[in-house]
Amino acid sequence: MNTSIVIADDHPLMLRGLTDFLTSKSYNILGSAEDGNQAYNLIVKLKPEIAILDIRMPYLTGLEIAEACKKNNLPTKIILITFDKEEELYDKAKSLNVYGYILKEFAIEEIETCIQSAIKGSPYFSKEITSYLNGNNGNHKPATLKLLTKSELKIVTLISENKTSHDIADELSISVRTVDKHRSNIVGKLGLDNKPTSLAVWASLNKTHL
């Protein structure tokens, strides 16, 4: 579990809290920074597997660092933490292929899940931010939903409510095997990869359109 991490936040308490918490969980904290320039220099120099960055910092924002890392093909996976619930920032973060986007008030609760997800190559977006944004923008219905049958839509809706295959089988009075067959058809139609979490992430991101 010795994933190497750099942490940057211009709030010393948040920085110390996260650093202490992750150190106690046996993560390898290579360095920490209180502004964007320091953070970017640490990433370039130390090449950590993960960088946990505050979005709003002096000199360079977390988004600007993510952009620089993408442009320069740096292998570090970026996780952004923020108090901001602005859709524009969230969309920008997604366009830069960040591996995590978490609201600060849930950072300690969610950061480990987010790191584990990022290590496996699967982005993690805080459920609170996705549900907040989905509540605000009900108009971008993904075209891919039209490819799904009524049964498949029902299953995706239940998956978005964090239900397991067993729960879904019980609720729809079908076998777990049938649910799994539907799941694999849905994954194929949506063009997702076969990671166990991919469909759940997609379902939760598109929850309001279901």
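These are my notebook entries on a predicted model of one protein chain.

**Entry 1: the whole chain**

I began with the secondary structure and counted 10 helices and 6 strands in the chain. I then looked up the radius of gyration, which is 19 Å. The globule rule gives 17 Å for 210 residues, and the two values are close, so I noted the chain as being as compact as a globular protein of that length. Along the principal axes, the C-alpha atoms fill a box of roughly 55 × 35 × 30 Å.

Next I looked up burial, and 46% of the 210 residues are buried. For contacts, I kept to those with a separation of 6 or more; residues 24 or more positions apart account for 63% of them. The accessible surface comes to about 10800 Å². Carbon and sulfur atoms hold 51% of that surface.

I also looked up the charges. The chain has 25 positive and 26 negative charges, and their mean positions lie 8 Å apart.

**Entry 2: strand E3**

I turned to strand E3 (50-54). How many of its residues are buried? I found 5 of 5, so to speak of E3 as mostly covered fits the cut-off of under 20% relative accessible area. Ile50, Ile52 and Asp54 point one way from the strand, while Ala51 and Leu53 point the other way. I noted that Asp54 is among the buried residues here.

Then I checked which strands pair with E3. Strand E1 (residues 4-8) pairs with E3 in the parallel sense over 4 bridges. In this pairing Val6 stands opposite Ala51. E3 is also joined to E4 by 5 bridges, and these two strands run parallel as well. Here Ile50 stands opposite Lys77 of E4.

**Entry 3: strands E4 and E5**

I followed strand E4 (77-82) further. It pairs with E5 in the parallel sense, over 4 bridges. One of the partners I looked up is Leu103 in E5, which bridges to Thr82.

Which residues of E5 point which way? Gly100 and Ile102 point to one side, and Tyr101 and Leu103 to the other; all four are buried.

**Entry 4: helix H3**

I listed the buried residues of helix H3 (residues 62-71): Gly62, Leu63, Ile65, Ala66, Ala68 and Cys69. An α-helix has 3.6 residues a turn, so residues three or four places apart point the same way. I kept that in mind while reading the list.

What do the buried residues of H3 pack against? I found two helices, H2 (36-46) and H4, and two strands, E3 and E4. Both strands appear in my earlier entries, where E3 and E4 run parallel to each other.

**Entry 5: positive phi angles**

Most residues other than glycine have a negative phi. I therefore looked for exceptions, with that general rule in mind.

Ser26 has a positive phi of about 70°, although it is not a glycine. Ser26 sits in the loop between helix H1 (12-24) and strand E2 (28-33). Is Ser26 buried, exposed or partly exposed? Its relative accessible area is 41%, so I recorded Ser26 as partly exposed.

Asn73 follows H3 and has a positive phi near 55°. Asn97 is another residue that is not a glycine, and its phi is positive at about 60°. I placed Asn97 in the loop between helix H4 (87-95) and strand E5 (100-103).

Technical notes: Residues are numbered from 1 along each chain as its sequence is written. This is a predicted model: local features need pLDDT of at least 70, side-chain atom pairs count only at pLDDT 80 or more; totals for chains, interfaces and linings use all residues. Side-chain values use heavy atoms; hydrogens and water are left out. The radius of gyration is taken over C-alpha atoms; the globule rule is 2.2 Å times the number of residues to the power 0.38. Buried means under 20% relative accessible area, exposed over 50%, partly exposed in between (1.4 Å probe, protein chains only). Contact means heavy atoms within 4.5 Å. Accessible areas come from the Shrake-Rupley method with a 1.4 Å probe; for residues, only the protein chains shown count as cover. Lys and Arg count as positive and Asp and Glu as negative; His and the chain ends are not counted. The place of a charge is taken as NZ of Lys, CZ of Arg, CG of Asp or CD of Glu. Two strands pair if DSSP finds at least two bridges between them.
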